[in-house]
Amino acid sequence: MHEDKIEAQIGTKAVWAGEKNHRVFNASQVPVVVSCAYTYDDVDEWYDVALEKRPGHIYGRNTNPTVEAFEQKCAELEGAEAATSFATGMAAISNILYTFLRPGDRVVSIKDSYGGTNKMFTEFLPNVDVECVLCDTEDYDEIEAEIAKGCKLLYLESPTNPTVKILDIERLAKASKAVGAMVVVDNTLATPINQTPLMLGADLVLHSATKFLGGHADALGGVVCGSHELVKQVYHYREITGATLQPWDAYLLLRGMKTLELRVTRQQTSAMKMAEYLQGCDLVDQVNYPGLATHRHHDVAARQMRGYGGVLSFALKGGMDAVRLMLPQLGFANRAANLGAVETTYGPARTTSHVECTAEERAALGIADGLVRLSVGIEDVDDLIADLDHAFAYLRSRI
């Protein structure tokens with residue numbers, strides 16, 4: 001295949017990108033290379049590789065051929081010059097923040113970020129004298145005012161987890177560039193199938209690769225994509241601190257990414273149907289899905305995204321008491337702290353995305369105990385809706 005001569009579509013890139021130069025012995029797949037170190041007969045060549053004067057590998061904490069193939073695939077899907085990977089999504093997030101922030105710096109972000117990310121802003125970064133300002137996610141005037149006061153880094157997440165709010169990345173990136181701030185976007189829920197933040201003005205885009213990129217809930221990983229200059233700095237911090245993606249996980253993520261477009265296309269088609277079903281259910285207070293015309297940020301999502309993703313959330317009347325009754329009745333469901341898998345996964349925010357937060361912190365973020373995150377799988381959507389029907393019928397019989 002002459003992928004270097006054809007501007008392939010993203011579904012084709014998901015299959016082929018990053019793999020051509022990493023196959024050996026005429027294999028049709030990228031191998032799992034598990035060597036901790038790499039040997040050289042020529043000590044001068046060894047030295048040049050160590051100094052990155054020529055391509056090659058020295059030590060597994062730094063680089064690995066299987067991992068490199070995964071990074072190249074991610075970079076191409078995001079339209080980035082380079083990418084570097086991590087053991088988990090949170091390692092990717094924390095490594096970016098600690099690479100670029102210094103005591104006295106100021107970060108502007110939103111209140112609706114993932115719970116682990118929120119902890120970075122409320123607990124860990126303040127410990128090293130980094131000022132963290134968390135704004136109302138829907139108040140652009142507040143966000144832009146805080147950026148204008150002085151900002152080293154703007155951190156965004158869109159769609160947010162688990163409230164599925166949408167931020168106007170292009171607008172906020174312009175405000176950040178006006179003060180010379182770096183823009184970082186967590187693109188985990190959107191995936192590069194639906195959104196490319198670098199094209200909207202972001203400097204770095206990250207993923208918890210554990211989620212949609214891998215898609216099979218069997219490998220942990222994180223990845224950061226951007227310019228060669230910025231990625232090299234993040235890579236250097238990671239190679240020293242050691243949050244390295246392992247080759248077997250990289251292989252599983254590579255294998256999963258081949259079907260990324262197929263999975264996401266199916267998942268978001270089903271998610272739309274399930275959101276519409278939930279919107280008409282008398283036991284549901286609220287449905288959060290940007291594909292719905294009633295979603296507060298639907299217009300922004302329609303403008304900057306190519307699809308609305310496979311994650312939604314809904315609030316049950318009756319709060320956690322209702323959740324306790326309903327969730328065990330679901331048959332086609334994993335009740336787990338994960339998303340993006342081929343299996344449909346349900347979980348209350350208090351035990352998934354924001355388990356690190358106290359009840360008071362969740363309330364301050366507008367996350368009710370009855371809020372359930374639903375990551376739609378690739379099952380037949382009629383079966384998934386029938387499964388919900390059954391669970392809701394049971395809930396009605398108990399209230």
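The following dialogue goes through the sheet, the largest pocket and some backbone features of a predicted model.

Me: In what order do the strands of the open sheet stand, and how are they paired?

Reply: Strands of a sheet pair through backbone hydrogen bonds, either parallel or antiparallel. Here an open sheet of 7 strands follows the order S1-S7-S6-S5-S4-S2-S3, and its pairing is mixed. Strand S1 (82-86) and S3 are the edge strands, each pairing on one side only. From one strand to the next, the twist averages 20°.

Me: How many bridges join strand S5 to strand S6?

Reply: Strands S5 (residues 182-186) and S6 (residues 204-208) run parallel and are joined by 3 bridges. To find one of these places in the model, take Val185, whose bridge partner in S6 is Val205.

Me: Which strands does helix H9 lie across?

Reply: Helix H9 (residues 228-241) lies across S1, S5, S6 and strand S7 (222-226). Relative to S1, helix H9 runs at about 20°.

Me: Which elements supply the lining of the largest pocket?

Reply: At least two lining residues come from each of H2, H3, S1 and H9. Helix H9 gives the largest share, 7 residues. The space in this largest pocket is about 1,000 Å³. Its lining has 38 residues, and those closest to the centre are Thr63, Glu68, Glu71, Gln72 and Ala83.

Me: How do the residues of that lining divide into nonpolar, polar and charged?

Reply: The lining of the largest pocket holds 15 nonpolar, 10 polar and 13 charged residues.

Me: I should now like to turn to the backbone. Which peptide bond leading into Pro159 is cis, and where is Pro159 placed?

Reply: One reads this from omega. The bond from Ser158 to Pro159 is cis, with omega near -5°. Pro159 is placed in the loop between strand S4 (153-157) and helix H7 (169-177). Pro162 also belongs to the loop between S4 and H7, and the peptide bond from Asn161 to Pro162 is cis, with omega near 15°.

Me: What is the phi of Glu52, and where is Glu52 found?

Reply: Phi of Glu52 is near 65°, a positive value in a residue other than glycine. Glu52 is found in the loop between helix H2 (43-50) and helix H3 (65-78).

Me: Where is Asp129 found, and is Asp129 buried or exposed?

Reply: Asp129 is found in the loop between helix H5 (115-124) and strand S3 (131-135). Although Asp129 is not a glycine, its phi is positive, at about 65°. Exposed residues are those over 50% relative accessible area. Asp129 counts as exposed because its relative accessible area is 52%.

Technical notes
Residues are numbered from 1 along each chain as its sequence is written. This is a predicted model: local features need pLDDT of at least 70, side-chain atom pairs count only at pLDDT 80 or more; totals for chains, interfaces and linings use all residues. Side-chain values use heavy atoms; hydrogens and water are left out. Helices (H or I, at least four residues) and strands (E, at least two) are DSSP runs, numbered from the N terminus. Buried means under 20% relative accessible area, exposed over 50%, partly exposed in between (1.4 Å probe, protein chains only). Two strands pair if DSSP finds at least two bridges between them. Axes are lines fitted to C-alpha atoms, for helices over the stretch in contact, and angles run from 0 to 180 degrees between N-to-C directions. Contact means heavy atoms within 4.5 Å. On a 1 Å grid over the protein atoms alone, a cavity is a set of points where a 1.4 Å probe fits but cannot get out, and a pocket is an open set with protein on both sides within 12 Å along at least five of seven lines; lining residues have an atom within 4 Å of a point. Grid points are joined across faces, edges and corners, and a volume is the space filled by probe spheres set on the points. Ala, Val, Leu, Ile, Met, Phe, Trp, Tyr, Cys and Pro count as nonpolar, Asp, Glu, Lys and Arg as charged, and the others, Gly among them, as polar.
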